[in-house]
Amino acid sequence: MNPSRYRYTIFSMLFLIALINYVDRGALSFAANAISAEYHFSKVQLGAVLGYFGFGYLFGSLCGGFLADRIGTKKVWMMAGILWSLLEIATAWAGDLGLALFGGSAIMGFAALRILFGFSEGPAYALMNKAIAHWAPDKERGFALSIGLLSTQVGSLLTAPVAVGLLLLTNDWRMMFILLGVMSLLAMLLFARTFSDGPESSAATNEAERTLIRNGQKAGKHHDTALPWWRFFTSRTLVCNALGYFSFLYITFTLVTWMPKYLQDNFHYDLHSLWYVAMIPWSGACITVLLGGRIADRLLARFGNLRLARNVFAAVTLCGTACCFMAIPYMHSAAGIIALMTLGNALNALVNNVYWSVVIDVTPKSSVGTYSGMTLAIANLASIISPMLCGWLAEYYGYNAMFTVTAVIAFGSMLAMTLLQPEKPLQPQANDRIAEQAA
């Protein structure tokens, strides 16, 4: 009997839900001018509104991975997806809520809803990594991660035409959020009918596919003893990997939250042109995020050296990323700046696969959800720092300072990735087994 191929349906569904996750979070940036005008927000205040998402996202990523290891990936996906869809709809009235309930402060209304919204979206990528750890044989892991992580780039690329299209169609930023939330709810209904935690619990897989996945995950797996959360911080590899991932998210959130307004302020693009101009910096990344997984898999297959496929590949790519953003302040044409953004973002996406692969490299499957969530939580400090710091820099030092700081952060993460030891998986200790039995 030939193996069924239902795992590819799972990978596609992970891509779709994560893509919607990114479109929903990025839509606020395209309504920023309208919201700022209505509530009289400065750049610093707008940066705060954009950054509140990160506070909830940080805790959501921690909780999501932890819960997935205990109650199942699908249950957490459904709870998170339904909640973020409802909160996306509620964002339409965030400012009015603040004016009514928080002493006339529209910012507090946005703060409350964006923190809750971030919390509900936080589990997404930890859940994706755990799902791939269960569904992908080792030889397909890089490809599967690339498909899932492609959602970041495609979601960011599509946010511009989707958000701007809805704004132009309805002429109402509130209606944009309502329609996006309704579409997310419909996608979660499809997800509920399609997704299973693993091949063993899926009626759509045959025994040949289950055997293929099960046997394909044996290479290099020495144990599957769940490890306590604190063991994460005893691993130089996991900590440095999280710091490296910080750079990816910092650059991503800088572009997602401030690029539309930067283009409007500096080059006077209106909504009719912004919808396609804002897509350009994400175009190359949609290709390189897939290419990165292939390169990492080929390097590992060709040389059998995890440090080459992880450390060297990541460090070289991050160096190129940093150089692109460092050059932006010295470029004065819109075309040149957009080209540098596109190249820098493409290089940034090229290494995205590595961060998640490293977690699976060194972590037992039973702890992948928790440790993926912890990696995401540490890195997602960028989702708080980037929007707020960029707003402050833009207000007091200009947009060029924003890009210079972005380059410095990329250089720092490049150094962190040189310190990985991906060939050394975490091993259980006697007290780990005692803690597991007690739990």
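What radius of gyration does the protein chain have, and what value would a compact globule with 439 residues have? In the predicted model, the protein chain has a radius of gyration of 21 Å, which agrees with the value near 22 Å for a compact globule of 439 residues. Along the principal axes, the C-alpha atoms occupy a box of roughly 60 × 45 × 45 Å.

The secondary structure of the protein chain comprises 20 helices and zero strands. Of the 439 residues, 60% are buried. When contacts between residues at least 6 apart in sequence are considered, 85% of them join residues at least 24 apart. The exposed area of the protein chain amounts to about 16600 Å², of which carbon and sulfur atoms supply 67%. The chain carries 28 positive and 22 negative charges, and the mean positions of these two groups lie 9 Å apart.

Helix α9 was examined in further detail. This helix spans residues 173-194 and contains 22 residues. The distance from its first C-alpha to its last is 32 Å, close to the 32 Å expected at 1.5 Å a residue. Buried positions occur at both ends of α9, with Trp173 and Arg174 at the start and Thr194 at the end. Between them, the buried residues include Phe177, Leu180, Gly181, Ser184, Ala187, Met188 and Phe191. Residues three or four places apart point the same way, because an α-helix has 3.6 residues a turn. The cover over the buried residues of α9 includes α1 (6-30), α2 (32-39) and α4 (73-90), together with α5 (94-101), α6 (106-121) and α8 (141-170).

Key. Residues are numbered from 1 along each chain as its sequence is written. This is a predicted model: local features need pLDDT of at least 70, side-chain atom pairs count only at pLDDT 80 or more; totals for chains, interfaces and linings use all residues. Side-chain values use heavy atoms; hydrogens and water are left out. Helices (H or I, at least four residues) and strands (E, at least two) are DSSP runs, numbered from the N terminus. The radius of gyration is taken over C-alpha atoms; the globule rule is 2.2 Å times the number of residues to the power 0.38. Buried means under 20% relative accessible area, exposed over 50%, partly exposed in between (1.4 Å probe, protein chains only). Contact means heavy atoms within 4.5 Å. Accessible areas come from the Shrake-Rupley method with a 1.4 Å probe; for residues, only the protein chains shown count as cover. Lys and Arg count as positive and Asp and Glu as negative; His and the chain ends are not counted. The place of a charge is taken as NZ of Lys, CZ of Arg, CG of Asp or CD of Glu. The expected span of a helix is 1.5 Å times one less than its number of residues.
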